[in-house]
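Here are some notes for a first look at this structure. Please keep the model open while you read, and check each point against it.

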Amino acid sequence: MVEFATSAAQMDQDQQEAYLHVEGLCKSFAGQVLYDNFHLSLAKGKFISVFGPNGCGKSTLINMVSGLIPCDRGRISVAGLPINRAQIGYVFQNYRDSLFPWISAFDNIAYPLKVNGLSTRECKLKVEELLNTFDINLDLKRYPYQFSGGQQQLIAILRAIVAQPDILFLDEPFSALDFEMTLYVREKLQAVFLESGLTTVIVSHDLEDAVYLADQVLLLSKRPTYLVESVTFNSPRPRTPDTLSDSEFIRVKSHCLDIFRQEMRK
């Protein structure tokens, strides 16, 4: 469930029930308010999309919530732990810059395990297990630049989840991909979610992607940014291209588009 905390009692209840909890988040840039007393509660094991107008701070929101950049004020917790004590997976929009070009794709994926102190043998076993789980057949002895864009993004996703994070964040993971590669990464990302049940938060500038992948779509306002509505999409998984012509998908996407247009007219 995602909602505003409208009273002290409700905020306490939300904090007890929420897996990811954001309370009183504030952020300004150059004196311009972006977020002011922003509240958010996300349940465990959900796939959440964040969608809103350009400049509303979608990426800034997940960067603050994931602990990558500081907020001015506010509290953020995952499973009751402060964000700096939680295990976070993050997939950046610019996958080419996020991968280490001087080491193999395999070593890129294994990097978080090595940082955590696992032996070379343990890293190898865990990466191979991950590849088998999601039926990944790539020659990972090659360097990142030797792969297509979609394959590079998949490598970045595998690196983000190999250490079994508490929550996964993805910042517009399809924005630099062509349609064929978008379909490929969509399929693999769904497989990750179905197999792991990993709480996942994705920022998307494409409404089709936002609805197609999500259990809930968070619709943000123009700045100063607040949550206009959280829209539920309960289509069965795995979702396929046929989902795009399903009546419930069309209804939910149309509703989200109506809200987006209302915000743009303000």
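1. Start with K253. This residue lies in helix α9, which covers residues 247-265. Bear in mind that the model is predicted. K253 is partly exposed, because its relative accessibility is 27%, between the 20% limit for buried and the 50% limit for exposed.

2. What does K253 touch beyond its neighbours within four places in sequence? The contacts are L207, E208 and V211. Take V211 in particular. V211 and K253 are 42 residues apart along the chain, yet their C-alpha atoms are separated by 6.4 Å.

3. Now the cysteines. How many disulfides are there? The count comes to zero. C56 is in no disulfide, and the nearest cysteine sulfur, that of C256, is 14 Å away. C56 is also buried, with a relative accessibility of 0%.

4. Why does C71 not form a bond with C26? C26 holds the cysteine sulfur closest to that of C71, but the distance is 7.9 Å, so the two are too far apart for a bond. A disulfide would need the sulfur atoms within 2.5 Å. C71 has a relative accessible area of 25% and is therefore partly exposed.

5. Next, the aromatic rings. Searching the whole structure gives nine aromatic pairs. One of them joins Y143 and Y145 and is stacked. The ring centres are 6.1 Å apart, with 10° between the planes. The pair counts as stacked because planes under 30 degrees apart meet that description. Y143 is partly exposed at 34% relative accessibility, while Y145, at 59%, is exposed.

6. F233 and F249 make an edge-to-face pair. Here the centres are 5.9 Å apart and the planes are at 65°. Where do the two rings sit? F233 is in the loop between β10 (227-232) and α9, and F249 is in helix α9. The pair links distant parts of the chain, with the two positions 16 residues apart. Are these two residues buried or exposed? F233 is buried, with a relative accessible area of 0%. F249 is buried too, at 2% relative accessibility. Helix α9 is also the helix that holds K253.

7. Look also for a cluster. Y90, F92 and F169 form one aromatic cluster.

8. Two arginines deserve a look alongside the rings. The charged end of R142 sits over the ring of F147, at 4.2 Å from the ring centre. R159 places its charged end over the ring of F100, 5.4 Å from the centre of that ring.

9. Finish with S221. Where is this residue? S221 lies in the loop between β9 (216-220) and β10. S221 is buried, because its relative accessible area is 0%, and the limit for buried is under 20%.

10. Which backbone atom does the side chain of S221 reach? The partner is the backbone nitrogen of Y226, at 2.9 Å. Setting aside neighbours within four places in sequence, S221 is in contact with P53, C56, Y226, V228 and E263. C56 is the buried cysteine from point 3. Y226 thus appears both as the polar partner and in the contact list.

Methods: Residues are numbered from 1 along each chain as its sequence is written. This is a predicted model: local features need pLDDT of at least 70, side-chain atom pairs count only at pLDDT 80 or more; totals for chains, interfaces and linings use all residues. Side-chain values use heavy atoms; hydrogens and water are left out. Helices (H or I, at least four residues) and strands (E, at least two) are DSSP runs, numbered from the N terminus. Buried means under 20% relative accessible area, exposed over 50%, partly exposed in between (1.4 Å probe, protein chains only). Contact means heavy atoms within 4.5 Å. Rings of Phe, Tyr and Trp (its six-membered ring) pair if their centres lie within 6.5 Å; planes under 30 degrees apart count as stacked, over 60 as edge-to-face and the rest as tilted. A charge sits over a ring if NZ of Lys or CZ of Arg is within 6 Å of the ring centre and within 35 degrees of the ring normal. A polar contact is a pair of N or O atoms within 3.5 Å; within protein, one must be able to donate a hydrogen and the other to accept it, and residues adjacent in sequence count only if both atoms are side-chain atoms.
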